[in-house]
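Trainee: I should like to learn how to read the features of a structural model. May we go through one together?

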Amino acid sequence: MNPARLRALLDDFVEARPWSERIAADPVEFPHRYRDPRDVEVVALLAASLAYGRANLFKPKVAGILSGLGPSPAKALAALTVADARALLQGFVYRFNLPSDVAVLLLGMGRQLSLHGSLERAFLAGQGGGWQRTLANFAHGLRAAAPEREIIRQLGPVRGLHHLLPFAEAGAAKRLNLYLRWMVRGPDDIDFGIWRALSPAQLMIPLDTHVMRIARWLGLTRRSTIGWKTAEEVTASLRRLDPADPVRYDFALCHYGMSGACPARPVQANCRACPLRPECSVGRRLQR
Ligand code: SF4
């Protein structure tokens, strides 16, 4: 990888397209419906937490919960009771998650808002021990704040809470890192930049399957599995391109893959037209 050459290529790649047109296909669409920063941060965490699987499947689930929370989700969550959550989440099911999982997240957010005044301050209260530990502390803090026993008593068992919120030091914590990108970077057309106490330089790439394969082909990592160590390695490579804002290419790379422009199984015609080809090992190989 030649950092200067790759940075120039990626800068042109990002600037050449109106990436904000992809917002409708992204969970960031939900927080963009709100203006108050307190609403933005809670809606963003709900949307990011449920953003796994296909967008056309998880988006109606997020939309259904938001419609039940009314015009100010932050105010609604600060006053939410377990009985309210039971009514709100009646019949909810999304893959690994049952009503109790989502109730822990919603009531945890509500209690943290009441305690700290914002999710940003709740996050800052758990800072320390590195980025991975800080993310885990944030997730643990949300869970600890929720009246979990009462939730289980009224709504039934939790099932996929570990999937909804990454508590442990396993996996790349993609959705929590995505949430942090939204809150800390910017403001621009996509990210909000409303958490001012943190710097974009601290962020970790929200590593998903699309970003992973393009990162490998661009030489940002040699690792082949998605996990924390790979996310660290990709982020370290991106820091060599831009130490102040290493995850600024994330939205464009992710949507380049998601849209089919750079599919998992490379297509020669796509590679021929691809602006990243000069630095892509696959693109160069297909042109030989
Ligand atoms: S050259 Fe081909 S494989 Fe490489 S990033 Fe572009 S479309 Fe993807």
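**Reading the model**

Mentor: Please note that this is a predicted model. The residues of the shell around the ligand comprise nine nonpolar, two polar and one charged.

Trainee: Which helices each supply at least two residues of this shell?

Mentor: They are α12 (209-217), α15 (268-272) and α16 (281-287). Among the residues that surround the ligand are Ile214, Trp217, Cys262, Cys271, Cys274, Arg277 and Cys280.

Trainee: How should the angle between helix α2 and helix α3 be read?

Mentor: Angles over 145 degrees count as roughly antiparallel. Helix α2 (residues 37-50) packs against helix α3 (residues 55-69) at about 150 degrees, and their axes are 9 Å apart; the two are therefore roughly antiparallel to each other. The crossing of α2 past α3 is right-handed. On the α2 side, Val43, Leu46, Ala47 and Leu50 take part, and they meet Phe58, Lys61, Val62, Ile65 and Leu66 of α3. This contact has eight nonpolar residues, no polar ones and one charged.

Trainee: What should one look for in the backbone?

Mentor: Most residues other than glycine have a negative phi, and most peptide bonds are trans. Here, Gly186 and Pro187 are joined by a cis peptide bond, with omega about 10 degrees. Pro187 lies in the loop between α11 (174-184) and α12.

Trainee: Where is Arg95 found, and is Arg95 buried or partly exposed?

Mentor: Arg95, whose phi is positive and near 45 degrees, is found in the loop between α5 (82-88) and α6 (99-116). Arg95 has 14 C-beta neighbours inside 10 Å and so counts as partly exposed. Ala173 also has a positive phi, near 50 degrees, but with 26 such neighbours Ala173 counts as buried.

Terms used
Residues numbered from 1 in each chain as written. Predicted model: local features only at pLDDT ≥ 70, side-chain atom pairs only at ≥ 80, totals over all residues. Near = placed C-beta within 6 Å. Helix = DSSP H or I, 4+ residues; strand = E, 2+ residues; numbered from the N terminus. Nonpolar A, V, L, I, M, F, W, Y, C, P; charged D, E, K, R; others polar. Axes fitted to C-alpha atoms, helices over the stretch in contact; angles between N-to-C directions. Parallel < 35°, antiparallel > 145°, perpendicular 65-115°, else oblique. Left-handed = near helix turned anticlockwise from the far one by under 90°. Contact = placed C-beta atoms within 7 Å. Buried ≥ 20, exposed ≤ 12 C-beta atoms within 10 Å, placed from the backbone.
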